[in-house]
Amino acid sequence: MAGVTTTQAGNLSPETTASEAQPTVRVVGLRKGYREGTSRHSVLESLSFDVRPGECVALLGRSGSGKSTLLNLLAGIDRPDEGRIELLGAPITDLTEPALTLLRRRCIGFVYQFFNLIPTLTVAENLALPLELNRTPVHERRSRTRALLTRLGLDRRANAFPDQLSGGEQQRVAIGRALIHEPALVLADEPTGNLDAETGERVLALLAEVFRERGRAMILVTHSLAVSRIADRVLTLEQGRLIDAAPGLSW
Ligand SMILES: Nc1ncnc2c1ncn2[C@@H]1O[C@H](COP(=O)(O)OP(=O)(O)OP(=O)(O)O)[C@@H](O)[C@H]1O
Ligand SMILES: [Mg+2]
């Protein structure tokens with residue numbers, strides 16, 4: 001819908017637009033492929049699914065099956081070849097770049113596999129970045145950052161820089177940064193893929209706990225069936241299509 005303007009997208013918030021009736025994410029007929037010379041390498045073929053408020057969906061699939069491609073499309077970082085993506089009812093596939101940027105800042109939290117922290121900012125500054133971009137008043141920014149630092153067990157590291165942190169600490173900052181602005185949708189791309197098993201488990205438990213407290217929607221990409229156990233629903237990407245449930249799961 002070309003008529004959606006920056007202002008309209010800017011007014012979207014979980015409080016005003018999410019309801020039980022409305023999915024957080026609606027994907028209809030999504031296709032994405034890449035050109036390779038004269039041929040086309042199809043990655044996603046006609047995907048359709050909804051994710052509801054409060055739901056955690058684990059997204060499984062072998063390497064190269066298109067999991068990151070799908071997350072990037074959902075975040076509006078990349079554009080599909082065909083199909084529609086709605087975030088809280090707004091058709092993000094039709095938004096202009098500035099409108100999309102605003103919507104992303106307000107409504108999406110992204111946890112990247114390799115943390116993506118800003119090296120020149122401290123832990124507290126990295127954490128507060130989404131609030132700064134959203135022009136949250138300074139006093140609220142400070143109090144939310146302080147509360148989240150404590151919640152993440154990072155209060156003593158508030159003034160450290162990312163290269164002074166362990167992998168688990170960096171990932172906790174990345175998780176905090178994805179949650180601090182209370183986004184309607186959290187996208188996590190293998191958030192424990194880069195950590196040892198024990199640290200990964202602790203980070204995941206924290207992500208699940210903080211996510212549950214806030215009752216937002218989450219799509220969690222993982223290679224691990226164990227990780228997918230925190231999810232309400234498991235979707236597997238296979239040959240460009242989504243299969244509802246992971247093969248061999250017994251619950
Ligand atoms: N910019 C691009 N140009 C061409 N091909 C691409 C591009 N980005 C991704 N691909 C291809 O799309 C397919 C899906 O990639 P994607 O990164 O989404 O996989 P993935 O499921 O996230 O894999 P992994 O588990 O290894 O992270 C791969 O075959 C990849 O080579
Ligand atoms: Mg990937």
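In what order do the six strands of the open sheet with mixed pairing run? In this predicted model, the order is β6-β7-β8-β3-β9-β10. At the edges sit β6 (108-111) and β10 (241-244), each of which pairs on one side only. From one strand to its neighbour, this sheet turns by 20 degrees on average, with direction ignored. The pairing at the β10 edge can be followed in more detail: strand β9 (residues 233-238) runs antiparallel to β10, and four bridges join the two. L235, for instance, has D244 in β10 as its bridge partner.

Two helices can be placed against this sheet. Helix α3 (residues 67-74) packs on it and touches β3 (56-60), β7 (185-189), β8 (217-221) and β9. The direction of α3 makes about 150 degrees with that of β8. Helix α7, for its part, lies across β6 and β7, and runs at about 170 degrees to β6.

There is also an open sheet of four strands, in the order β2-β1-β4-β5, and here the pairing is antiparallel. Its edge strands are β2 (39-51) and β5 (90-91), each pairing on one side only. Nine bridges link strand β1 (residues 25-36) with β2 in the antiparallel sense, and R26 finds its bridge partner, D50, in β2. Helix α3 turns up here again: it lies across β1, β2 and β4 (82-87), running at about 120 degrees to β1. So to speak of α3 is to speak of both sheets, as this helix packs on the strands β3, β7, β8 and β9 and lies across β1, β2 and β4.Helix α3 has a part in the ligand site too. The residues surrounding ligand 1 are Y34, V43, G61, S63, G64, S65, G66, K67, S68 and T69. Three of these residues come from α3, the largest share of the shell. By class, the shell around ligand 1 holds seven polar residues, two nonpolar ones and one that is charged.

Turning to helix pairs, α7 (residues 167-179) and α8 (residues 197-214) pack with their axes 10 Å apart, at an angle of about 15 degrees. The two helices are therefore roughly parallel to each other, and their crossing is right-handed. On the α7 side, the contact is made by G167, G168, Q171, R172, I175 and L179, while α8 brings in T199, R202, V203, L206, L207, V210 and R214. Six of the residues in this contact between α7 and α8 are nonpolar, four are polar and three are charged.

How do the axes of helix α5 (residues 123-133) and helix α6 (residues 138-151) cross, and what is the angle? These axes come within 10 Å and cross at roughly 135 degrees, which makes α5 oblique to α6. The crossing of α5 and α6 is right-handed. From α5, the residues in contact are A124, L127, A128, L131 and E132; from α6, they are R141, R144, T145, L148 and L149. Sorted by class, the contact of α5 with α6 has six nonpolar residues, three charged and one polar.

Methods:
Residues are numbered from 1 along each chain as its sequence is written. Chains are lettered from A and ligands numbered from 1 in the order in which they are written. This is a predicted model: local features need pLDDT of at least 70, side-chain atom pairs count only at pLDDT 80 or more; totals for chains, interfaces and linings use all residues. Axes are lines fitted to C-alpha atoms, for helices over the stretch in contact, and angles run from 0 to 180 degrees between N-to-C directions. Angles under 35 degrees count as roughly parallel, over 145 as roughly antiparallel, 65 to 115 as roughly perpendicular and the rest as oblique. A crossing is left-handed if the near helix is turned anticlockwise from the far one by less than a right angle, and right-handed if clockwise. Two residues are in contact if their C-beta atoms, placed from the backbone, lie within 7 Å. Ala, Val, Leu, Ile, Met, Phe, Trp, Tyr, Cys and Pro count as nonpolar, Asp, Glu, Lys and Arg as charged, and the others, Gly among them, as polar. Two strands pair if DSSP finds at least two bridges between them. A residue is near a molecule or strand if its C-beta atom, placed from the backbone, lies within 6 Å of it.
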